Amino acid sequence: MRAWAWALGALLSVGVAHGELRRYALLISHPDGGPGTEALRFVEADARKLADVLTDLGGFKAEDITRLKRPDVEAITTAFARVEARVRAARAEGDQALFLLYYTGHADAGRLRLGRERLAFERLKADLIASHAEVRLAFLDACQSGGITRLKGGRRAPSFIVDVEPQRSTQGLVIITSSAADEASQESDELGGSFFTHYLVSGLRGRADASGDGRVTLDEAYAYAYHRTVSHTTGTRGGTQHPTYTYDLQGNGGVTLSRLAGLSGLIFPAHAEGRYLVYNRDQGMVIGEVEPRAARRRIWVPAGHYIIKQRAEDHLLQQTLHLAAAEQRVVDMKAFERVDFEADLTKGAAPRARLDLSARLGYQRFFDAPTREGLFHPTRLIGLRLEGEGLISSDVSVNIDGAFGQASTVVPLRHYDEAQPVDFSIFLGGVGLRVDHTRGALRLQAGPQLTAIYARRRFPQTALGLQDLLTLSPGLGLGGRLAWGPLRLGVEARASYLRYVSSGASHDLGFGEAYLSLGYAP
């Protein structure tokens, strides 16, 4: 059984009487429901889809979205309190606040199932009611999650009305669930997520804009997700899902969940027929669906690499393309290729594996001044880096790199009256893992690195022989890359540890590296 509740405050534009509307979200995912349940495959993907659309189109700041993965009850309580403290601080500054809570995981009998722990719907709803945020939203995609709306007047219905234009401050609580109190919520291998979340996110990316005014309201998003979820779960093994809602809003303020501008767009021509899934190859997930015969034929997405596919009875129609930032692309219906089901590039929601080769210019410098001046000298570097994106998962990459540098300087030596010239060379070769966070064309990276170092120095005007060192050095790297078509412009900083033994004494040293890179990823 599957449950998820998520808060959709980031995508809201709500009328405010005074000050700014501050938006906060707490997104919770938990695949394990404890004994008697199967692990859910796509809860992390669902939470990530929601976080992306909240920041892409909903006006949420990334730093105001809190993600919890596999939390226990205490972790949820602590995170809830931290968000509420930020809400109170915003209120104290004269601003209003919107709080969105989201949970995706298992649930049954009026409780969220968090591994071996349980969190009652009653407690969750009480915490939402007690929040000082003017508007509180909760989205729950869960087996029997409709039980939380049945606690007080919730009902199953295709839509409800909330005014669009703000006239005065809106206040209150809205809870939307993915299924009724006696129904199962379901995941789809084809969609790489739950039915309800898929259609909610797809709606927020433009499919639910029934009025065509360039924004998706709460009413439009719920109506779209309701009808698509009911339609596409009819006949499934788990049975038809009927999303539910309960709301208590006061005032004439309107609620807009997303504003459709600023991103790239895929536009399907009017003569296209059927149902198309839009798959983001960089993130390794389906992020939307389009039925071109509908009134709205555009879906708003980040820049990146995409696969568009349509399923026929015995084959797939499929095409790949790349969208530049803010590009509006009309889909070329003649570019689709017929492929067998076994050749589906999106099968299993696997991220696209891609190799990126970069040329790098850099600089290394030891932190300790005596070491830097007398032993390991600051050096300019030149090198190469090979990075594998999507080899492990969509947000973890592997890199192998090498660099070489040399410098000539003078150093004081014992038994010599004057400082002596020295030629210093250093070879660096390493392997590392990076956790990636992608926002459109920007990819931020951080992770561990293990570097093999061979350093040597030669004193050409003395009788001293060659001095060299071969050792391993652990470290951490932090950087970012900006994609422009197949090109990658990157910066990276590293800090590493080196243990150096000389004349029986050991020294704990640290050094830093900085790189500027230009790469190519076909």
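Me: Let's start with Arg70: which loop is Arg70 found in?

Reply: Arg70 sits in the loop between E4 and H2. Before we go on, please keep in mind that this is a predicted model.

Me: Why does Arg70 count as exposed?

Reply: The cut-off for exposed is over 50% relative accessible area. Arg70 has 55% relative accessibility, so it counts as exposed.

Me: And what makes the phi of Arg70 worth a remark?

Reply: Most residues other than glycine have a negative phi. Arg70 has a positive phi of about 55°, although it is not a glycine. Ala326 is another residue to look at here: its phi is near 65°, again a positive value in a residue other than glycine. You will find Ala326 in the loop between strand E21 (316-323) and strand E22 (328-330).

Me: Moving on to helix H2, how do you know that its end C-alpha atoms are as far apart as its 20 residues should span?

Reply: Helix H2 covers residues 73-92, and at 1.5 Å a residue it should span 28 Å. Its end C-alpha atoms are 29 Å apart, which agrees.

Me: Which residues of H2 are buried?

Reply: Buried means under 20% relative accessible area, and in H2 that holds for Val73, Ile76, Ala79, Phe80, Val83, Glu84, Val87 and Ala90. These residues cover an arc of only 135° around the axis, so they lie on the same side of H2. As a reminder, an α-helix has 3.6 residues a turn, so residues three or four places apart point the same way.

Me: What does the face of H2 turned away from its buried side carry?

Reply: That face of H2 carries the exposed residues Glu74, Arg82 and Ala92. As for the buried residues of H2, they pack against several elements, including strand E3 (21-29), strand E5 (96-108) and helix H3 (121-130). Just after H2 comes Gly94, with a positive phi of about 90°.

Me: Why is H1 described as largely enclosed by the rest of the structure?

Reply: Of the 15 residues of H1, 13 are buried, so the helix is largely enclosed by the rest of the structure. Its span fits too: helix H1 (residues 43-57) should reach 21 Å at 1.5 Å a residue, and its end C-alpha atoms are 21 Å apart. Gly59, just after H1, takes a positive phi of about 85°.

Me: What makes helix H5 fall short of the span that a straight helix would reach?

Reply: It is a matter of setting one distance against another. Helix H5 (residues 195-207) has 13 residues, and a straight helix would reach 18 Å at 1.5 Å a residue. The end C-alpha atoms of H5 are only 15 Å apart, short of that value. As for its surroundings, 13 of the 13 residues of H5 are buried, so H5 is largely enclosed by the rest of the structure.

Me: Now for empty space: how many cavities of 30 Å³ or more does the structure hold?

Reply: The structure holds four of them. Rolling a probe the size of a water molecule over the atoms shows where empty space is left. The largest cavity has about 100 Å³ of space, and 14 residues line it, with Arg385, Gln445, Arg481, Val491 and Glu492 nearest its centre. E29 gives the largest share of that lining, four residues. By class, the lining has three nonpolar, six polar and five charged residues.

Me: What lines the second largest cavity?

Reply: Among its lining residues are Arg360, Asp401, Leu428, Thr451, Arg494 and Tyr515. The space in the second largest cavity is about 50 Å³. Three residues, the largest share of its lining, come from E26. The lining divides into three nonpolar, three polar and four charged residues.

Me: Last one: why does Val435 count as exposed?

Reply: Val435 has 53% relative accessibility, so it counts as exposed. Val435 belongs to strand E27. Leaving aside neighbours within four places in sequence, Val435 is in contact with Asp395, Leu444, Gln445 and Ala446. Asp395 and Val435 are 40 residues apart in sequence, and their C-alpha atoms are 5.8 Å apart in space.

Notes:
Residues are numbered from 1 along each chain as its sequence is written. This is a predicted model: local features need pLDDT of at least 70, side-chain atom pairs count only at pLDDT 80 or more; totals for chains, interfaces and linings use all residues. Side-chain values use heavy atoms; hydrogens and water are left out. Helices (H or I, at least four residues) and strands (E, at least two) are DSSP runs, numbered from the N terminus. The expected span of a helix is 1.5 Å times one less than its number of residues. Buried means under 20% relative accessible area, exposed over 50%, partly exposed in between (1.4 Å probe, protein chains only). The arc is that of the directions from the helix axis to the C-beta atoms. Contact means heavy atoms within 4.5 Å. On a 1 Å grid over the protein atoms alone, a cavity is a set of points where a 1.4 Å probe fits but cannot get out, and a pocket is an open set with protein on both sides within 12 Å along at least five of seven lines; lining residues have an atom within 4 Å of a point. Grid points are joined across faces, edges and corners, and a volume is the space filled by probe spheres set on the points. Ala, Val, Leu, Ile, Met, Phe, Trp, Tyr, Cys and Pro count as nonpolar, Asp, Glu, Lys and Arg as charged, and the others, Gly among them, as polar.
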